[in-house]
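Got a minute to go through a model together? Have a look at the sequence and the 3D view before reading on.

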Amino acid sequence: MKVALVGIGKIALDQHVPAIAASDDWDLAATVSRNGQVEGVEAFADIATMLSARPDIEVVSLCLPPAPRFAVAEAVLHAGRHLMLEKPPGATLAEVHALQALAAARGVTLYATWHSRMAHAVAAARRHLAGRRITGGRITWREDVRKWHPGQDWIFEPGGMGVFDPGINALSILTEILPMPVRLIAADLDVPSNRQGPIAARLTLSHGIEADFDFRQEGPQTWDMEFVTDRGHIALRMGGNLLEIDGAPAGGEDTIMDEYPALYARMADLVRNMASDVDLAPMVLVADAFTLGRRETVAPFEF
Ligand code: NAP
């Protein structure tokens with residue numbers, strides 16, 4: 001299938017282009033970007049021109065930040081093409097509901113991806129937790145925004161979600177592996193005095209689960225979650241890639257290189273089966289953190 005990539009920035013070049021190149025299902029047929037391009041691939045500067053010039057391209061994959069994404073997503077679905085969205089799937093929940101309705105009306109696939117759900121140990125953790133009762137948990141998601149999002153001012157703008165841009169990856173794993181729904185109870189948000197989005201957040205969730213997200217982590221980075229259940233402990237480390245059961249290694253592999261190939265394999269299946277996959281549970285937790293969060297102004301932040 002021919003796919004067009006929109007938003008040729010960090011994640012498109014780091015992950016999407018290699019994943020498409022390595023897949024037998026996909027052919028990267030065009031890019032849409034104001035500045036970026038991929039060598040040897042036809043480049044367009046805007047979505048409307050690409051959609052009218054290339055009716056042969058059935059699938060469009062959006063790697064834009066969430067705030068500018070909706071208008072492009074809507075144009076793709078109106079044109080009757082299948083659509084794949086980077087996480088988070090939109091700037092608001094209502095946007096994604098509108099896209100779901102439009103995809104259903106046009107009879108095309110909509111896939112709201114959560115790349116962290118494809119990490120090596122997530123499926124095993126889900127199987128392990130099935131039927132167990134969770135009595136407590138701790139998520140620690142601390143990374144250096146300068147390393148992973150260099151110069152990306154959009155991340156601290158409204159709709160950019162601040163530290164929830166990586167934090168929602170943790171919440172996507174959480175909502176995938178728990179055997180019951182989880183809800184947000186309270187949140188503290190640290191917002192730099194010169195920015196709109198939080199640089200750190202602490203969440204209290206149901207079932208005794210606490211989360212600590214921080215963008216100011218230098219040195220070793222931490223993407224861990226630990227749970228206490230009625231029948232022992234379980235931990236996921238390195239962003240869902242390594243599993244520990246009762247303190248002992250229990251599988252997984254410390255590499256993220258398979259997440260994006262898995263997303264494109266899933267998209268190929270969804271298109272073949274004329275199905276969609278849109279789970280907004282991680283985004284509901286983030287929206288509720290912004291609704292209930294107590295804001296603390298902290299030191300200004302510059303990249
Ligand atoms: P990025 O490099 O800052 O942006 C991607 C591209 O989007 C840019 O190259 C730009 O392309 C376009 N863009 C940026 N702002 C725009 C605007 N206001 N209007 C129109 N186009 C705009 O960001 P990224 O790191 O690739 O992240 C993109 C998405 O991928 C985000 O949702 C993020 O959460 C997700 N993601 C990122 C990472 C990561 O490690 N960085 C990992 C996983 C997922 P042009 O200017 O050339 O048009």
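Here are some questions and answers about this predicted model and its ligand.

Q: Which domains does the domain assignment of the protein give?
A: Let's start with the overall layout. The assignment splits off residues 2-112 as one domain, and the other is made of two segments. That gives domain 1 (2-112) and domain 2 (119-254 + 287-298).

Q: How many residues does the contact between the domains take from domain 1, and how many from domain 2?
A: Taken over C-alpha atoms, the centres of domain 1 and domain 2 are 27 Å apart. Counting heavy atoms within 4.5 Å as contact, the tally is nine residues from domain 1 and 12 residues from domain 2.

Q: Where does the ligand lie relative to domain 1 and domain 2?
A: Look at who supplies the shell around the ligand. Domain 1 and domain 2 both give residues to that shell, so the ligand lies between them.

Q: How many residues surround the ligand, and how do they divide into nonpolar, polar and charged?
A: A residue counts here if one of its heavy atoms lies within 4 Å of the ligand. The shell comes to 25 residues, with S33, R34, N35, W154 and D165 the closest. By type, they split into 11 nonpolar, eight polar and six charged.

Q: What share of the ligand's accessible area does the protein cover?
A: The space taken by the ligand is the largest pocket. Backbone atoms reach ligand oxygen atoms there: a backbone N or O of N35 at 2.8 Å, and a polar backbone atom of K10 at 2.9 Å. K87 also has a polar backbone atom 2.9 Å from a ligand oxygen. Of the 880 Å² the ligand has on its own, the protein covers 81%.

Definitions and conventions:
Residues are numbered from 1 along each chain as its sequence is written. This is a predicted model: local features need pLDDT of at least 70, side-chain atom pairs count only at pLDDT 80 or more; totals for chains, interfaces and linings use all residues. Side-chain values use heavy atoms; hydrogens and water are left out. A polar contact is a pair of N or O atoms within 3.5 Å; within protein, one must be able to donate a hydrogen and the other to accept it, and residues adjacent in sequence count only if both atoms are side-chain atoms. Accessible areas come from the Shrake-Rupley method with a 1.4 Å probe; for residues, only the protein chains shown count as cover. On a 1 Å grid over the protein atoms alone, a cavity is a set of points where a 1.4 Å probe fits but cannot get out, and a pocket is an open set with protein on both sides within 12 Å along at least five of seven lines; lining residues have an atom within 4 Å of a point. A molecule sits in a cavity or pocket if more than half of its atoms lie within 2 Å of its grid points. Ala, Val, Leu, Ile, Met, Phe, Trp, Tyr, Cys and Pro count as nonpolar, Asp, Glu, Lys and Arg as charged, and the others, Gly among them, as polar. Domain bounds come from an automatic or database domain assignment.
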